[in-house]
Each structure stands twice: as C-alpha cells, then as structure tokens.
Amino acid sequence: MAGRRRVSGSSGVAVCLLLASLAGCGGQTATDAARDQVQRLLDRRAAAVLHHDPAAYAATGTRAPYAALKAVPFATWSYRVTALRRSGGHATADAELRYRVSGYDRAPVTAARTLTLSTTADGKWYVDSDRPEKKSAQQLWDQGPVSVVRGRSSLVLGVGQSGPALKGYAGLADHAVPAVSDAWGTGWSRHVVVIVPRSLDGMAGLLGSPASNYRGIAAVTTGEAGGTGQAPADRIIVNPEAYGMLGPLGRQVVLTHETTHVATRAHTDPATPLWLSEGYADWAGYRRTGRTPDQAAPELSRAVADGEVPAALPADKDFGFAGDATRLAQAYEGGWLACRMIAAHWGEQRLDAFYRAVGAHDRRAGAVEDALKKELNTTLDRFTAQWRAYLRAQLG
C-alpha cells in the first residue's frame, strides 16, 4: 500500500541495533538498567540491616546510618525504588522504605526516602546518603543513635536520652497498659511503642510539623483511625521538654492518656468527635487517681466561676495545638468532664458502649445523636444541658 515500506533482512537488524541504543528492541535504557542496579544494591543494604551485618552494610556505601539504627529490633526492612534521576556517575533515587518492629507492628511502617548515589570506576553503585524525602517526617535514627529499653508491655526508643530515663518511661508505660485494660477491656494489643527524641525540635521532626505546634504538649499518639488491622502499632511520641516539667502523677496521666488512644484506635474513626476521644483518654488517665474536677480542670473551673459556662460541647477546632492555650485546655477539660459525667450517671460500661457506638458510624453526621439515643437514652440537647449543669455543680 502507498506510504508503507517493508523492511527486511539485514536492514531490519540495523534499524533494531540503532534503536536499541535509544530504547532497545525489548531491552532497557541506561536509566532502567541503573535503576535495577540501585534496587539490587538497596536489597543488599536491607538484608545487612536485618542480619545485623555492619560489614555487608558498609559494602553498599555510607555506613553512618547503621550505627544509629542497629539497636532497633526490626522484623522486616526493605526499599522499593520509585524514581531515579541520573547525571553521569551520580544519581538521586526516591524510595519507599517499609519496616516492622519485631513484636509490635502488625503491618509495615512506610517512609519516603531520598538517596544520593555514585558509581566507581568499575561501574558499581554506592549509597552516599539516605535521608527523608523533602517535607516528609524523619525516622528516629535520622536524629542520632537509637537506644532501646524493653518493658513488660512496652518498647521505648530514644535518642540523646540516658538509660535510666528510658527505663522510667518504660515503667510508666507498663503501669499504663493494665490501667487502660481495666477501663477499656483487653481487646487490644496491650503493648505500646514509646518514642523519646532529644528535644521538642526532634519531636516535631518525627511528626513532620513545625515545633511551634507542639510547644507545651507533653506527648502525642500517631496511628491510623478505624482499626483496619493493616496499620502498624501506634507510636507514642514524647516531647521531653514539656514532659520533664510534669510531676510524677502528671507523667503517669499523660502516658495512660496516650496509651488509651492506642487501645481505642480500632473504635475511633472520623465519626468520633475530639471531645469524646480526648475526653475518654483523659478519663482513663485520671481514673482512680483521686484528682478532683477543680484540680484536673483549672481553666474551665476559672471560667465557670466567672459565669462563663460553655454553651456547647467542645468543637474539633478547639483542640488545635497551634491555637489559644486556654481554649485548648478548656476543650480537653470539657471533654473529660463529659466522659466523667457519663461514667458517674450511666456507669463505666455505658461510657465504653457509647464510645464504641459512636465509632461504629462511618461519618460524623448523626453518630453522636444515634449513640446517645441507643446507649444513654437521651438526646444531644438534653445531654448538653445536663453537661452544663454538671460543670456548674462540679466547678462552681
């Protein structure tokens, strides 16, 4: 047909050879080949981590990261190269790091990493650096050598912390786990991972957010809401600066509060308002400590004494770490007193059932209202009015 020519014989071979230098006749480009080589290099590097083989790790390039992470008990560790940008004998790789901590993670933690590499005269690739991808959160070993302390029900990982200090965190966590189980039940993992960086800046680096968001916050818990069973164990990340300002009771309340988030995660989803999730965690934290409402809710106590009783339960926006500190404190205190009121008026089992009923919804609209009707036989308006009266009675 017009416009078509049949290419045959040796001329076809010549065309194929010419194209092979560009895209290959079923072969690879130079970049594809380099990407495969880098992937194999990172596979060897991962195997060295898992087999605790510093010599094999050093054979893949810079050995500095190994000293920082060697004490962490990894069950798995792997890289997947997602992109490679090559320039002569140098390259930059984007990779997905996946790892599990032995005995604690049900599924891998995933972290975005950027690695720089170079080749030697014999064409072999070596890792020059391995760091978090831009705007991604750090891993603890990015901040220095990790020390590890094991408790009965806890694993504490720290950077720049003494052994006795980490043992102290483990003791508090080991006390928190049975306390939470006594309040919530035993249908959760009943162990926690506590991360203690060197400073507030270290905490912010692990969370991928500005340090100003967490100043004055003693600890936070990270994890996936909804309890799919495919997420790794939650991490309790401590701000050692704010935590260090607390007394013994305050430190225990904080660790028990955060451990409660780990326990309740499977029943916490977007339908759960923060006044309930944070209020329940505070209720579990203060439970059986003997702390009175005036002692545990000083900001709200002052407001009620001034005649400023909140008109409604705290909204999610009131819990913003970067917002007004007094408003934040009052939100936590208001949520705690709402849960305390449920436990006192309806009983602790009803409080647990109410929490689970709210989390059983897949959306916020109607979740609290339905759970109030089903578990407490009340409406949101009546509950709010009862809560406001409770604030006056307890704090007035």
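This briefing covers model confidence, helix H14 and the residue Ser118. The model is predicted. Its chain has a mean pLDDT of 91, and 90% of the residues reach 70 or more. Residues 1–25 fall below 50.

**Confidence**
- The stretch 1–25 has six contacts in the model beyond near neighbours in sequence.
- Where pLDDT is low, the predicted coordinates should not be read in detail.

**Helix H14**
- Helix H14 spans residues 367–376, and its buried residues are Ala367, Val368, Ala371, Leu372, Glu375 and Leu376.
- Seen down the axis of H14, these buried residues fall within an arc of 125 degrees, so they line one face of the helix.
- An α-helix has 3.6 residues a turn, so residues three or four places apart point the same way.
- Lys373 and Lys374 sit on the other side of H14, where they are exposed.
- The cover over the buried residues of H14 includes four helices: H9 (274–286), H12 (325–345), H13 (348–359) and H15 (380–395).
- Asn377 follows H14 and has a positive phi, near 55 degrees.

**Ser118**
- Ser118 lies in strand S3, which runs over residues 109–119.
- Ser118 has a relative accessible area of 14%. That value is under the 20% cut-off, so Ser118 counts as buried.
- Its side chain makes a polar contact with the side chain of Asp128, at 3.0 Å.
- Leaving aside neighbours within four places in sequence, Ser118 is in contact with Gly89, His90, Lys124, Trp125, Tyr126 and Asp128.
- Asp128 thus appears both as a contact of Ser118 and as its polar partner.

Note on methods
Residues numbered from 1 in each chain as written. Predicted model: local features only at pLDDT ≥ 70, side-chain atom pairs only at ≥ 80, totals over all residues. Heavy atoms only, no water. Buried < 20%, exposed > 50% of the residue type's maximum accessible area, 1.4 Å probe, protein only. Helix = DSSP H or I, 4+ residues; strand = E, 2+ residues; numbered from the N terminus. Arc of directions from axis to C-beta. Contact = heavy atoms within 4.5 Å. Polar contact = N/O pair within 3.5 Å; in protein donor to acceptor, adjacent residues only side chain to side chain. pLDDT = per-residue confidence, 0-100.
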